[in-house]
Amino acid sequence: MSTTDHSLTEEEEDEIWNNSIKQWKEIKESRRIEKEKAIAEGRPVPTIDEDEESAWKDLPIFMESLPEGENLGVDALQTIVDECPPHVLADTYKEEGNTRFKLVVQKTTSEADKKRFMNEALHYYTKALNVKCDDMKRNSVILSNRAAVHMEMKNFGKAIKDCTVAVEFDETNIKAFYRQVKSHLSLLQYTKAIQVADRALKSGDNKDIKTLRDQAVAHIERAQRLEMERQLEQTRKHEQLVELVGKLTAKKMQLGHPLFDMSRYTGQSDRAVSVDAEGIAHFPTVFLYPEYGQSDYILDFQEGYCFGDHLEYMFPPGNKEFAHWDKDHRYTLDNIEIYFQTNWSTPIDLNNNNNNTNTKNNSSNNNNNNIDNSKKKRWVRCKHTTNIETVLSHPEYVIPQIPVFYIISKGSPFANKFIKEGLLSQ
């Protein structure tokens, strides 16, 4: 910025400078008194309108950029600023930033004011850096202070960047190291936090940084412990799966992958297919009524029992009460048929370590990959008197995690379409 032709005496320059400072102090003091008075009287703290909030920018000494040629005072002040030693100017802006940040951390400061003061603090710290003072320690402090504002604003990435440069400028700036380590912790970057902490501790012991380092180490150790527990649990489940598949194979049954999220049918139940100590198999089973999008869940369809044993309980003969969804009263024991689809799921491959039969953590989109499209599919009807093990040992039936059967009312338009088109409703 060019200077003007107006010449001022040193006394006149000092008067402009001092009046500017005085005016700004009067504004701040007036706001402080009004705020304290409002708090003492129990009145709402007066808000600052947009024009008043930006008033500090209009004071020549605090202007981000000073316009040329508008008035004698502004031009003269720019001359003062231009002639001010860089380190003095940097310190002036830094102190303005410090003043704003102290207001940010005060408990009595409102959220709206905090946001404004943080932005103002960033503004002044940035201006202090833009002075480009050749004192690197001074610049390091300014960067570290600006990082503190970024941390308050949850901008931890920016805080890390400022601290990274700050410690390059001055490796004795412990506050910069501390804020960098803390920001890495906030971003869950524990390894990086330890690396920065180790660098800081090379120059001497620091209790606060060591505490942060210990926290990072504890997080890593906990993550490693959880990962080890997860792997042990995965190994345990795989061993159980191998044992179960072996027992079912001996019964000529195939255990396959789930086709969709079973939890919407089984609720909170975590029951799975099992074989007890006496060798009897137990099957949690889902009955689907595709015509109405309804379902029933049988906790334990035990080997040796037939479909009728459960259907008689669900649809008692002679019962005049019907399911609330059976509007046409067609779902009675003597009028329902049971179906399963052949080659529906893919059998579990014990050589594949990615086997997972827990559908509560699987999406239906992923489970669609478990449908076996390589083999022909057809509907097979089960008699009411057929035992569960007879059906499950059918060479073309693969248990989709737990047995699933479709129940329809025979002779209905839906049943004819279901059988003809292979209609499925999950």
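Start by selecting R116 and E120: both residues are buried. Keep in mind that you are looking at a predicted model. The two residues sit in helix α6, four residues apart, or about one turn of the helix. Residues three or four places apart in an α-helix point the same way, because there are 3.6 residues to a turn. Show the side chains and you'll find a salt bridge between R116 and E120, with the closest N and O atoms 3.3 Å apart.

Now widen the selection to all of α6, residues 111–130. The helix has 20 residues and runs 29 Å from first C-alpha to last, close to the 28 Å expected at 1.5 Å a residue. How many of the 20 residues of α6 are buried? The count is 14, so α6 is largely enclosed by the rest of the structure. Just after α6, click on K132: its phi is positive, near 60°.

Next stop, another salt bridge. Select E291 and R330, whose side chains meet at 2.7 Å, N to O. E291 is in the loop between β3 (281–289) and β4 (294–302), while R330 is in the loop between α13 (307–314) and β5 (336–341), so this pair ties together parts that are 39 residues apart in sequence. Is R330 buried or exposed? With 19% relative accessibility, R330 counts as buried, whereas E291 is partly exposed at 22%.

Go back to R116 and add E96, R100, D113 and E120 to the selection: salt bridges with shared partners join these five into one network. While you're in that part of the sequence, pick K94 and E95, which form a salt bridge of their own at 3.8 Å, N to O. K94 counts as buried, at 16% relative accessibility, and E95 as partly exposed, at 41%. Across the whole structure there are 20 salt bridges.

Time for some loops. Where is K154? Look between α7 (136–152) and α8 (156–169). K154 has a phi near 65°, a positive value in a residue that isn't glycine, and K154 is exposed at 61% relative accessibility. Then move along to L188, in the loop between α9 (174–186) and α10 (190–201). L188 also isn't a glycine, yet its phi is positive at about 60°. Its relative accessible area is 57%, so L188 counts as exposed.

Switch to a surface view and colour M136, V165 and F169. Together they make a nonpolar surface patch of about 220 Å². F169 belongs to helix α8 and is partly exposed, with a relative accessible area of 34%.

For the cysteines, select C133 and C382. Both are buried, C133 at 3% relative accessibility and C382 at 4%. How many disulfides does a search of the whole structure find? Zero.

Finally, zoom out to the full protein. Its secondary structure comes to 16 helices and eight strands. Of its 426 residues, 40% are buried. About 24,600 Å² is exposed, with carbon and sulfur atoms supplying 48% of that area. If you turn on contacts and keep those with a separation of 6 or more, 68% of them are between residues 24 or more positions apart.

Note on methods. Residues numbered from 1 in each chain as written. Predicted model: local features only at pLDDT ≥ 70, side-chain atom pairs only at ≥ 80, totals over all residues. Heavy atoms only, no water. Buried < 20%, exposed > 50% of the residue type's maximum accessible area, 1.4 Å probe, protein only. Contact = heavy atoms within 4.5 Å. Areas by Shrake-Rupley, 256 points an atom, 1.4 Å probe, with all protein chains shown as cover. Disulfide = S-S within 2.5 Å. Expected span 1.5 Å × (residues − 1). Patch = residues over 30% accessible without salt bridge, like charges linked within 9 Å, V, L, I, M, F, W, Y side chains within 5 Å. Salt bridge = Lys/Arg side-chain N within 4 Å of Asp/Glu carboxyl O.
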